[in-house]
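Me: I should like to work through the helix packing of this protein by question and answer. Please show the sequence and the structure.

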Amino acid sequence: MRRTATDVLTGLVARWTGQKPDPERVAHRLEDIRLAMLDMLGEEGARQYPQVARRIRFGGDAQALWYARADLMAALASTSGERRARERTESLSVLFDGMLPKGLMSRPTTLRSST
């Protein structure tokens, strides 16, 4: 039997939370995240950075998309500046709520300056 990334994610979430999420819902949320990331990159960005677009399009699970945010931020920083890129990629974090182990989620820090 072949297991998909969604099946693995569903099993892990069930183990951590004691609940079994609907696999269709997980797949829809992954697609929403993927579309939001591709939208941020834009058509021009996808042409300039095809490897980033490919990594987002073919990211098989939430963790793959989470780690693809770094490449997305680098691409955005080259076109719109680092501050704007960071703001935009940080806005993606809310889409990952409940999709990742707690250790991977962003947490507030006092190390970043608001200036």
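Me: What covers the buried residues of helix 3?
Reply: In this predicted model, the buried residues of helix 3 are V52, A53 and I56. The elements that cover them include helix 2 (23-48) and helix 4.

Me: Where do the buried residues of helix 3 lie around its axis?
Reply: An α-helix has 3.6 residues a turn, so residues three or four places apart point the same way. The buried residues here are V52, A53 and I56. They cover an arc of only 100° around the axis, which puts them on the same side of helix 3.

Me: Are helix 3 and helix 4 roughly parallel or antiparallel to each other?
Reply: The axes of helix 3 (residues 50-57) and helix 4 (residues 62-80) come within 9 Å. They cross at roughly 165°, and an angle over 145 degrees counts as roughly antiparallel. The two helices, whose crossing is left-handed, are therefore roughly antiparallel.

Me: How many residues in the contact of helix 3 with helix 4 are nonpolar, polar and charged?
Reply: From helix 3, the contact involves V52, R55 and I56. On the side of helix 4 they meet L65, Y67, A68, D71 and L72. By class, the residues of this contact comprise no polar, two charged and six nonpolar.

Me: Is R34 buried or exposed?
Reply: R34 belongs to helix 2. Beyond its neighbours within four places in sequence, it contacts I56, R57, F58, G59 and L65. Its relative accessible area is 11%, and the cut-off for a buried residue is under 20%. R34 is therefore buried.

Me: How far apart in space are L92 and M37, C-alpha to C-alpha?
Reply: L92 lies in the segment after helix 5 (82-90) and is buried, with a relative accessible area of 1%. Leaving aside neighbours within four places in sequence, its contacts are A36, M37, M40, R69 and L72. L92 and M37 are 55 residues apart in sequence, while their C-alpha to C-alpha distance is 7.8 Å.

Me: Of the contacts in the protein with a separation of 6 or more, what percentage joins residues 24 or more positions apart?
Reply: The protein has five helices and zero strands, in the order α-α-α-α-α along the sequence. Of its 115 residues, 30% count as buried. Among contacts with a separation of 6 or more, the share from residues 24 or more positions apart is 56%.

How values were computed: Residues are numbered from 1 along each chain as its sequence is written. This is a predicted model: local features need pLDDT of at least 70, side-chain atom pairs count only at pLDDT 80 or more; totals for chains, interfaces and linings use all residues. Side-chain values use heavy atoms; hydrogens and water are left out. Axes are lines fitted to C-alpha atoms, for helices over the stretch in contact, and angles run from 0 to 180 degrees between N-to-C directions. Helices (H or I, at least four residues) and strands (E, at least two) are DSSP runs, numbered from the N terminus. Angles under 35 degrees count as roughly parallel, over 145 as roughly antiparallel, 65 to 115 as roughly perpendicular and the rest as oblique. A crossing is left-handed if the near helix is turned anticlockwise from the far one by less than a right angle, and right-handed if clockwise. Contact means heavy atoms within 4.5 Å. Ala, Val, Leu, Ile, Met, Phe, Trp, Tyr, Cys and Pro count as nonpolar, Asp, Glu, Lys and Arg as charged, and the others, Gly among them, as polar. Buried means under 20% relative accessible area, exposed over 50%, partly exposed in between (1.4 Å probe, protein chains only). The arc is that of the directions from the helix axis to the C-beta atoms.
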